[in-house]
There are 2 protein chains.
Amino acid sequence: MKIKEKTVSLSTQAKKKILEYIQENELKGDDQLPPEAVLMESMGVSRHTVREALALLEQERIIYKIQGKGTFVSIPPVPIEGGLEKLESITRMIENAGYEPGTRWISITEENPSQSMVEKLALQPGETVVTFIRLRTASGRVAAYCVDSVRRSVIQGPVPTAVMEESMFEYLQKHCGLHAEYAVAEIVPTMTDQRMMEEAGMQKNQLLLLLHQVHYDRHRVPLIYSMDYFNPELFKFRVNRMK
Amino acid sequence: MKIKEKTVSLSTQAKKKILEYIQENELKGDDQLPPEAVLMESMGVSRHTVREALALLEQERIIYKIQGKGTFVSIPPVPIEGGLEKLESITRMIENAGYEPGTRWISITEENPSQSMVEKLALQPGETVVTFIRLRTASGRVAAYCVDSVRRSVIQGPVPTAVMEESMFEYLQKHCGLHAEYAVAEIVPTMTDQRMMEEAGMQKNQLLLLLHQVHYDRHRVPLIYSMDYFNPELFKFRVNRMK
DNA sequence: TAGTGGTCTAGACCACGCA
DNA sequence: GCGTGGTCTAGACCACTAA
């Protein structure tokens, strides 16, 4: 029996060698790497391959290049983390903020979709959605009012009356085999509305940050349509912005 | 007198042509593009150049490729692009939203920094900052109230009484040699305050989205401390969130 | 097996930063 | 003017998909 050889591309090997070079020579931030011509020769590959390796490292922000000057090592291995651009469940967001996540269920209902849902979830005519409404808490305080909708057909059997999982992602993964891979979020400043006050007992005229999102799986199929209203007193929403 | 020719790379031109091809043939999601060999011939460039053009389009998530099958158009033709995670000047944001950018200067002053500025900009004791306050407009409508501060020492000579450039980035680049490479933004829902109403004539009790940012150069040196209050009626703030 | 994208080579010229 | 990275060509072989 033959074990499948995992062929690693030359450029990936070259990348590894360059990383080793940085380690061995203890290069720090802004230290210069050898020019491409030297790397070509020392690794015995073409310039194209060297440039591919460098491109990979540049993407990972381990190095940067300046035309006419050279290639340099970036300052420490990327300190930035945990901005909004990283997709995480609200449960994780609450935990990361240092609180104990909790959930108060408001309702689970089958509904006719809004026009926006039909478009964003690419629903067929007549298709309905199941909407989950929850109040998420952080160590007992109101953290977010969450309205999540999925197409009816992803849920086998009758509409559930209760869901155990804290995280919507977890529930959909375990029971429906759905994996959210990325999301497009629109950020809207807003205030508590009538419904939130009545159903969730939230304060009147409180500023909220609405994350209006559609979640997709790896094949770009839209899975979840969600409107999460966050309490800005508890959350700091950060975004790391790159050129 | 000679006007500077702006040379556009072949791959960028090829990218443009491929986009036009998609438009003209009304390609929708998952429709297949011609193979690379055909694109090479029809555009009269090498395969490398075609592949560079396709790589650009793939980065922007306009197309995707499957080895052995072909190149395809992504499902929403241009969904992701220009999210908040991409650092752009407000001028560019206004242009991208389809408006004509404008500026009304409110003030340029030298001030003592707030505690937050001292921390974020790593100021020395006694160091002052120069604060630029502007009202940015989009085709005449109020788009954003912008408060930008930089350390006094980056500005040579006296504090300017006026600045020509639309973009703060441009000004700092041209006159101070500073290049903002990335920023960390905190997003806060807020409302118009007294100062904005008095100085800029903004409406009372209007919801605003505050982008509280620190901009850094490539060496992670903090350059600009800014508080930009955006009119959410004009801007859609999107963030693309990845796992 | 044919057709597609993925990787790689060898060589050329251009654009930029700096002394 | 030299050394650096940026762009481009021509050609080759490999890996994967589907008929």
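In this predicted model, α3(B) supplies four residues to the surface near DNA strand D, the largest share. That surface draws on both protein chains: the elements giving two or more residues are α2 (36–43) and β2 (70–73) of chain A, along with α1 (10–24) and α3 (47–59) of chain B. In total, 21 residues surround DNA strand D. The closest are Pro35(A) from chain A and, from chain B, Leu10(B), Ser46(B), His48(B) and Gly68(B). Sorted by class, the surface near DNA strand D contains twelve polar residues, five charged ones and four nonpolar ones.

Two of the elements at this surface, α1(B) and α3(B), also meet each other. Two packed helices are described by the distance between their axes and by the angle at which those axes lie. For α1(B) and α3(B), the axes come within 8 Å and cross at roughly 65 degrees. The crossing of α1(B) past α3(B) is right-handed.

On the α1(B) side, the contact is formed by Leu10(B), Ser11(B), Ala14(B), Lys15(B) and Ile18(B). They meet Thr49(B), Val50(B), Glu52(B), Ala53(B), Leu56(B) and Leu57(B) of α3(B). The contact of α1(B) with α3(B) has seven nonpolar residues, with two polar and two charged ones. Leu10(B) takes part in this helix contact and is also among the closest residues to DNA strand D.

Chain A, seen as a whole, is divided into domain 1 (10–73) and domain 2 (90–230). The C-alpha centres of these two domains of chain A are 44 Å apart. Both α2 (36–43) and β2 (70–73), the chain A elements named above for the surface near DNA strand D, fall within the bounds of domain 1 (10–73).

Key
Residues numbered from 1 in each chain as written. Chains lettered and ligands numbered in written order. Predicted model: local features only at pLDDT ≥ 70, side-chain atom pairs only at ≥ 80, totals over all residues. Near = placed C-beta within 6 Å. Nonpolar A, V, L, I, M, F, W, Y, C, P; charged D, E, K, R; others polar. Axes fitted to C-alpha atoms, helices over the stretch in contact; angles between N-to-C directions. Left-handed = near helix turned anticlockwise from the far one by under 90°. Contact = placed C-beta atoms within 7 Å. Domains from an automatic or database assignment.
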